[in-house]
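Please open the structure in the viewer and keep the selection tool at hand. The tour below proceeds from one selection to the next and states what is found at each stop.

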Amino acid sequence: TIAGLIGVMLDITDRIRAEQDLLESEKRFREVVQDQTELIARFRPDWTVLFANDAFLSYFSKKHEEVAGHIFRIPVHHDDEQSVRTFMAGLTSDNTFGTTEFRILLPDGRIRWQQWNLRAFFDGSGQVSQFQAVGTDITERRETDRVLKESYARIEENLQQFAVLNDHI
């Protein structure tokens with residue numbers, strides 16, 4: 001009988017180092033995203049949340065386990081629902097990024113304005129596989145803009161009245 005041993009050794013040091021580097025990089029990325037004040041979420045087209053940062057969870061008064069892996073729809077004001085659907089449908093493999101503004105309804109009935117930057121990711125067949133969303137509450141900015149417009153309109157009215165008064169004098 002012939003007895004023998006065949007062995008193959010494979011040095012996987014580089015692969016282990018690369019995996020460790022990748023895990024460290026992911027950890028740093030998550031730390032950066034968690035520290036952001038913007039609302040950040042990643043979700044599937046059916047609204048199943050894959051990730052939401054602490055700012056997003058806090059804003060909507062949710063816990064991680066209530067959102068991650070579950071369907072969570074941002075409570076868009078009914079008057080803005082169609083424009084949000086149209087905006088999202090307009091993201092294509094040729095136009096993957098866009099910005100939109102809309103109102104939301106908070107559980108206590110308050111209406112807030114938000115601005116969202118949305119990026120669509122596509123699978124090999126050209127279908128949307130995920131969305132990444134970065135949002136900001138812009139209610140105060142919208143209110144300031146409204147007050148400024150009203151103030152300018154009043155100033156314009158006053159100037160017109162002064163002109164008429166000046167003509168009469």
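**Stop 1: strands β1 and β5**

The model on display is predicted. Begin by selecting residues 39-43, strand β1, together with residues 128-137, strand β5; the two run antiparallel and are joined by 5 bridges. Within this pairing, select Ala41 and then its bridge partner in β5, Ala133. Strands of a sheet pair through backbone hydrogen bonds, either parallel or antiparallel.

**Stop 2: Arg42**

Remain in strand β1 and select Arg42. In β5, the residue that stands opposite Arg42 is Gln132. Is Arg42 buried, partly exposed or exposed? With a relative accessible area of 24%, Arg42 is partly exposed; the value lies above the 20% under which a residue counts as buried.

Next, display the surroundings of Arg42. Leaving aside residues up to four places away in sequence, Arg42 touches Thr48, Val49, Leu50, Phe51, Phe121, Gln130, Phe131 and Gln132. One of these contacts, Phe131, merits a distance label: the C-alpha atoms of Arg42 and Phe131 are 5.6 Å apart, although 89 residues separate the two in sequence.

**Stop 3: β4 and the hairpin**

Extend the selection to strand β4, residues 111-122. The strands β4 and β5 run antiparallel and are joined by 9 bridges. Phe122 is a convenient residue to select here, with Val128 as its bridge partner in β5. The hairpin of β4 and β5 has 5 residues between the strands, and Gly126 in this hairpin takes a positive phi near 85°.

**Stop 4: the whole sheet**

Now select every strand of the sheet. In what order do the 5 strands lie? The sheet is open, its order is β2-β1-β5-β4-β3, and the pairing is antiparallel. The edges are occupied by β2 (49-52) and β3 (97-105); each has a single partner strand, so one side of each is left without a neighbour in the sheet. From one strand to the next, the twist averages 25°.

**Stop 5: the helices on the sheet**

Add helix α4, residues 81-89, which packs on the sheet and touches β1, β3, β4 and β5. The direction of α4 makes about 160° with that of β3. Then add helix α5, residues 139-168. This helix lies across β3, β4 and β5, and runs at about 120° to β4.

**Stop 6: salt bridges**

Side chains of opposite charge can pair when their charged atoms come close. How many salt bridges does the structure hold? There are 8 salt bridges in the structure.

Select Arg141 and Glu101, whose side chains meet in a salt bridge at 2.7 Å, N to O. Arg141 belongs to helix α5 and Glu101 to strand β3, so the pair ties together parts that are 40 residues apart in sequence. Arg141 is partly exposed, at a relative accessible area of 37%, and Glu101 is likewise partly exposed, at 27%.

Move next to Arg110 and Asp108, a salt bridge in which the closest N and O atoms are 2.8 Å apart. Arg110 counts as partly exposed at 46% relative accessibility, whereas Asp108 is exposed, with a relative accessible area of 52%.

Then select Arg154 and Glu150, where the N to O distance of the salt bridge is 3.8 Å. Both residues lie in helix α5, 4 residues apart, about one turn of the helix. Arg154 counts as partly exposed at 46% relative accessibility, and Glu150 is partly exposed at a relative accessible area of 35%. To complete this stop, select Arg112, Asp137 and Glu140, which are joined into one network by salt bridges that share partners.

**Stop 7: the nonpolar patch**

Finally, switch to a surface representation and select Leu148, Tyr152, Ile155, Leu159, Phe162, Leu165 and Ile169. Together these residues form a nonpolar patch on the surface, with about 790 Å² of accessible area. Where does Ile169 lie relative to α5? Ile169 lies in the segment after this helix. With a relative accessible area of 81%, Ile169 is exposed, since the threshold for that class is over 50%.

How values were computed. Residues are numbered from 1 along each chain as its sequence is written. This is a predicted model: local features need pLDDT of at least 70, side-chain atom pairs count only at pLDDT 80 or more; totals for chains, interfaces and linings use all residues. Side-chain values use heavy atoms; hydrogens and water are left out. Patches are made of residues with over 30% relative accessible area and no salt bridge: like charges are joined within 9 Å, nonpolar side chains (Val, Leu, Ile, Met, Phe, Trp, Tyr) within 5 Å. Accessible areas come from the Shrake-Rupley method with a 1.4 Å probe; for residues, only the protein chains shown count as cover. A salt bridge is a side-chain nitrogen of Lys or Arg within 4 Å of a carboxyl oxygen of Asp or Glu. Buried means under 20% relative accessible area, exposed over 50%, partly exposed in between (1.4 Å probe, protein chains only). Two strands pair if DSSP finds at least two bridges between them. Axes are lines fitted to C-alpha atoms, for helices over the stretch in contact, and angles run from 0 to 180 degrees between N-to-C directions. Contact means heavy atoms within 4.5 Å.
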